[in-house]
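User: I am new to this structure and would like a close look at a single part of it. Please take me through the charged contacts there and then through what surrounds them.

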Amino acid sequence: EVVKVLRTTAGDSMVVVGALSVRCMGLLAAAVGPSLAPLGRALVPMLLQKLNDKNRGMVDAAHQALDRFVGSCFTLDEASEALLAALGKADAVKPTPTTPKIKAETLKFLARAIPHAAAVAAASPSS
């Protein structure tokens with residue numbers, strides 16, 4: 001229920017309200033962790049679209065939320081479909097409208113997330 005309200009307010013015409021909503025999604029992901037994974041994966045495409053916003057506060061909030069979701073709820077591999085779509089890959093299951101800014105911001109996110117994912121994988125005991 002809370003995530004549904006946050007998702008609705010993320011599209012608010014007042015950018016400050018939308019940015020706070022996106023920031024709250026990230027904080028919720030960090031607090032709740034893996035139990036929020038199914039909803040978190042559903043929010044990734046919307047968060048990637050927020051990277052196209054003209055307001056830098058919204059873009060920063062989306063980056064922070066994505067970092068927290070990937071760090072707390074799911075892996076990059078689990079979000080790969082949405083990431084491929086944001087990068088405009090033809091083999092993405094659900095291609096979404098992308099702009100050069102979305103692609104650039106998605107690559108910035110991946111540049112931060114991949115080293116973090118590699119460090120987590122290296123630190124975890126091998127099965």
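Does Lys108 count as buried, partly exposed or exposed, and at what relative accessibility?

Analyst: Lys108 counts as partly exposed, because its relative accessibility is 43%, and partly exposed is the class between under 20% and over 50%. The model is predicted, and this value, like the others below, is computed from it.

The side chain of Lys108 forms a salt bridge with that of Glu105, with 3.3 Å from N to O. Both residues belong to helix H6, where three residues, or about one turn of the helix, set them apart. Glu105 falls in another class than its partner: its relative accessible area is 5%, and it is therefore buried, the cut-off being under 20%.

Glu105 also takes part in a second salt bridge, this time with Arg56, at 3.5 Å from N to O. This pair links distant parts of the chain, since Arg56 sits in helix H4 and Glu105 in helix H6, with their positions 49 residues apart. Arg56 has a relative accessibility of 43%, so it counts as partly exposed.

Arg56 in turn meets Asp60 in a salt bridge of 3.2 Å, N to O. Here the two partners are both in helix H4, four residues apart, which is about one turn of the helix. Asp60 is partly exposed as well, with a relative accessibility of 31%.

Put in order, the contacts run from Lys108 to Glu105, from Glu105 to Arg56, and from Arg56 to Asp60. Through these shared partners, Arg56, Asp60, Glu105 and Lys108 are joined into one network. The count of salt bridges in the model comes to five.

Helices H4 and H6 also come together in the lining of a pocket. Helix H4 spans residues 56-72 and helix H6 spans 100-123, and each supplies at least two residues of the lining of the second largest pocket. The largest share comes from H6, which gives four residues. The lining consists of Val70, Gly71, Phe74, Thr75, Leu76, His116, Ala117, Val120 and Ala121. Six of these residues are nonpolar and three are polar, while no charged residue is found in the lining. The space in this pocket is about 150 Å³.

Another residue of helix H4 is Phe69. Phe69 is buried, because its relative accessible area is 0%. The C-alpha atom of Phe69 is separated by 8.3 Å from that of Arg41, although the two residues are 28 apart along the chain.

For a helix outside this pair, take H2, which covers residues 15-32. Helix H2 has 18 residues and reaches 26 Å from its first C-alpha to its last, close to the 26 Å expected at 1.5 Å a residue. Its buried residues are Gly18, Ala19, Ser21, Val22, Met25, Gly26 and Ala29. Viewed down the axis of H2, these buried residues fall within an arc of 160°, so they line one face of the helix. Val16 and Ala31, on the other side of H2, are exposed.

To return to the part you asked about, the network has Glu105 as a buried member, whereas Lys108, Arg56 and Asp60 are partly exposed.

Technical notes:
Residues numbered from 1 in each chain as written. Predicted model: local features only at pLDDT ≥ 70, side-chain atom pairs only at ≥ 80, totals over all residues. Heavy atoms only, no water. 1 Å grid on protein atoms, 1.4 Å probe; cavity = no way out; pocket = protein on both sides within 12 Å on 5 of 7 lines; lining within 4 Å. Points joined across faces, edges and corners; volume = space filled by probe spheres on them. Nonpolar A, V, L, I, M, F, W, Y, C, P; charged D, E, K, R; others polar. Salt bridge = Lys/Arg side-chain N within 4 Å of Asp/Glu carboxyl O. Buried < 20%, exposed > 50% of the residue type's maximum accessible area, 1.4 Å probe, protein only. Expected span 1.5 Å × (residues − 1). Arc of directions from axis to C-beta.
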